[in-house]
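Visitor: I would like to know how the labels on this model are earned. Please take me through them one at a time.

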Amino acid sequence: MAKVIAIANQKGGVGKTTTAVNLAASLAATKRKVLLIDLDPQGNATMGSGVDKYDLPATAYELLVDDKPLVDVVVKETSGGYHLVAANSDLTAAEVRLMNVFARELRLRNALKDYRNSYDFIFIDCPPSLNMLTVNAMAAADTVLVPMQCEYFALEGLTALVETINQLAAAVNPELKIEGILRTMYDPRNRLANDVAEQLKQHFGDKVYRAVIPRNVRLAEAPSFGAPVMYYDKNSTGAKAYLALAGEMLRRADKKTVNSTATV
């Protein structure tokens with residue numbers, strides 16, 4: 001059964017969509033079956049996957065509002081080798097349409113219920129705000145991956161995000177946990193970045209990924225070519241960093257499987 005991971009941060013510009021697209025592509029390259037769900041009305045993950053957000057027969061809107069089955073919404077041909085539930089500005093209206101719908105916060109969870117066995121990983125790219133779309137993502141997810149820059153205000157924002165995750169866990173998804181914290185746009189020459197990284201390790205321990213995503217021009221350029229960075233420039237430091245992150249995630253998953261088997 002697929003592990004469902006929401007990629008979220010209430011602060012914008014932290015590499016959330018970049019992580020969603022490139023991590024999905026990196027895991028797909030290891031022959032894992034991956035689904036990426038774009039829940040951001042900006043549709044950046046859609047465009048970064050080589051899919052035209054202005055020319056879509058169905059999007060996440062139809063999945064959430066019109067009860068279309070996932071199989072009728074998913075885009076199977078993407079530049080990253082994964083499946084995609086696309087998004088565009090139509091999704092902005094979803095929150096209003098869902099206002100009077102019964103169990104509106106569970107729409108995504110229910111939509112995925114019959115399809116989790118079809119994938120190894122399902123990633124949800126969340127909007128940079130706490131709205132009904134984000135709540136749906138958190139209700140559907142097993143865990144939350146948090147990309148963040150190593151800056152002072154980002155550290156404050158992380159505290160607020162953890163509180164939000166705890167509140168949502170209490171309200172809609174008791175099983176929800178933090179998958180990991182990913183340091184993005186990282187510059188090891190920056191003293192503040194190193195100080196914040198140390199604070200993260202002290203507070204969150206092994207929840208902080210060893211893999212770090214550096215500032216990299218190729219990562220910034222790749223979306224304009226509609227491709228994950230590993231297919232735009234496989235030798236770039238950005239491509240290698242996301243492959244390293246994918247490898248770390250798989251090792252963690254294998255370790256948990258071994259530990260749970262040993263416990264049984």
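Guide: What follows is a set of questions about labels, each answered from a value and a cut-off. Keep in mind that the model is predicted.

Visitor: Why is the pair Phe121 and Phe123 called stacked?

Guide: The structure holds two aromatic pairs. In this one, the ring centres of Phe121 and Phe123 are 6.0 Å apart and the planes meet at 5°. Centres within 6.5 Å make a pair, and planes under 30 degrees apart make it stacked. So the pair of Phe121 and Phe123 is stacked. Both Phe121 and Phe123 are buried.

Visitor: What makes Phe225 and Tyr232 a stacked pair?

Guide: Their ring centres lie 4.8 Å apart, with the planes at 25°. The limit for stacked is under 30 degrees. The angle of 25° therefore gives a stacked pair.

Visitor: Is Phe225 buried or exposed?

Guide: Phe225 has 56% relative accessibility. Exposed means over 50%, so Phe225 counts as exposed. Its partner Tyr232 has a relative accessible area of 26%. Values between the limits of 20% and 50% are partly exposed, so that is the label for Tyr232.

Visitor: How do you know how many disulfides there are?

Guide: A disulfide is a covalent bond between the sulfur atoms of two cysteines. The test here is a pair of cysteine sulfur atoms within 2.5 Å. By this rule the count is zero.

Visitor: Why are Cys126 and Cys150 given the burial label they have?

Guide: The cut-off for buried is under 20%. Cys126 is at 0% relative accessibility, so Cys126 counts as buried. Cys150 is at 7%, so Cys150 counts as buried too.

Visitor: What is notable about phi of Lys31?

Guide: Phi of Lys31 is positive, about 75°, although Lys31 is not a glycine. Most residues other than glycine have a negative phi. Lys31 sits in the loop between H1 and strand S2 (34-38). Its relative accessibility is 75%. The cut-off is over 50%, so Lys31 is exposed.

Visitor: What is the value of phi for Ala103, and where does Ala103 lie?

Guide: Phi of Ala103 is near 50°, a positive value in a residue other than glycine. Ala103 belongs to the loop between helix H5 (94-98) and helix H6 (107-112). With a relative accessible area of 22%, Ala103 is partly exposed.

Visitor: Why does Asn22 count as buried?

Guide: Asn22 is at 6% relative accessibility. Buried means under 20%, so Asn22 is buried. Asn22 has its place in helix H1. From Asn22 to Ala241 is 219 residues in sequence, and 9.7 Å in space between C-alpha atoms.

Visitor: What makes Gly157 partly exposed?

Guide: Gly157 has 26% relative accessibility. Partly exposed runs between 20% and 50%, so the label for Gly157 follows. Gly157 lies in helix H8 (residues 152-171). The C-alpha atoms of Gly157 and Gln10 are separated by 7.4 Å, though the two are 147 residues apart along the chain.

Visitor: How much space lies in the largest pocket, and which residues are closest to its centre?

Guide: About 550 Å³ lies in the largest pocket. Of its 31 lining residues, Gly15, Lys16, Thr17, Thr18 and Met185 are the closest to the centre. H1 gives the most to this lining, with six residues. Elements that supply at least two residues include strand S6 (177-186) and strand S7 (208-214). By class, the lining has 15 nonpolar, 12 polar and four charged residues.

Visitor: What makes up the lining of the second largest pocket?

Guide: The count is nine charged residues, one nonpolar and one polar. Asp, Glu, Lys and Arg count as charged. Of the 11 lining residues, Asp206, Lys207, Arg252, Lys255 and Lys256 lie nearest the centre. S7 and helix H12 (237-263) each give two or more residues. H12 gives the most, with six. The pocket holds about 300 Å³ of space.

Visitor: How do you know where the AAA domain is placed?

Guide: The placement comes from UniProt, in an unreviewed entry, which lists "domain: AAA" at residues 2-178. Over residues 2-178 the chain is 38% helix and 15% strand. The end C-alpha atoms of that stretch are 17 Å apart.

Methods:
Residues numbered from 1 in each chain as written. Predicted model: local features only at pLDDT ≥ 70, side-chain atom pairs only at ≥ 80, totals over all residues. Heavy atoms only, no water. 1 Å grid on protein atoms, 1.4 Å probe; cavity = no way out; pocket = protein on both sides within 12 Å on 5 of 7 lines; lining within 4 Å. Points joined across faces, edges and corners; volume = space filled by probe spheres on them. Helix = DSSP H or I, 4+ residues; strand = E, 2+ residues; numbered from the N terminus. Buried < 20%, exposed > 50% of the residue type's maximum accessible area, 1.4 Å probe, protein only. UniProt positions renumbered as here; feature names shortened; annotations may be inferred. Phe/Tyr/Trp six-rings, centres within 6.5 Å; stacked < 30°, edge-to-face > 60°.
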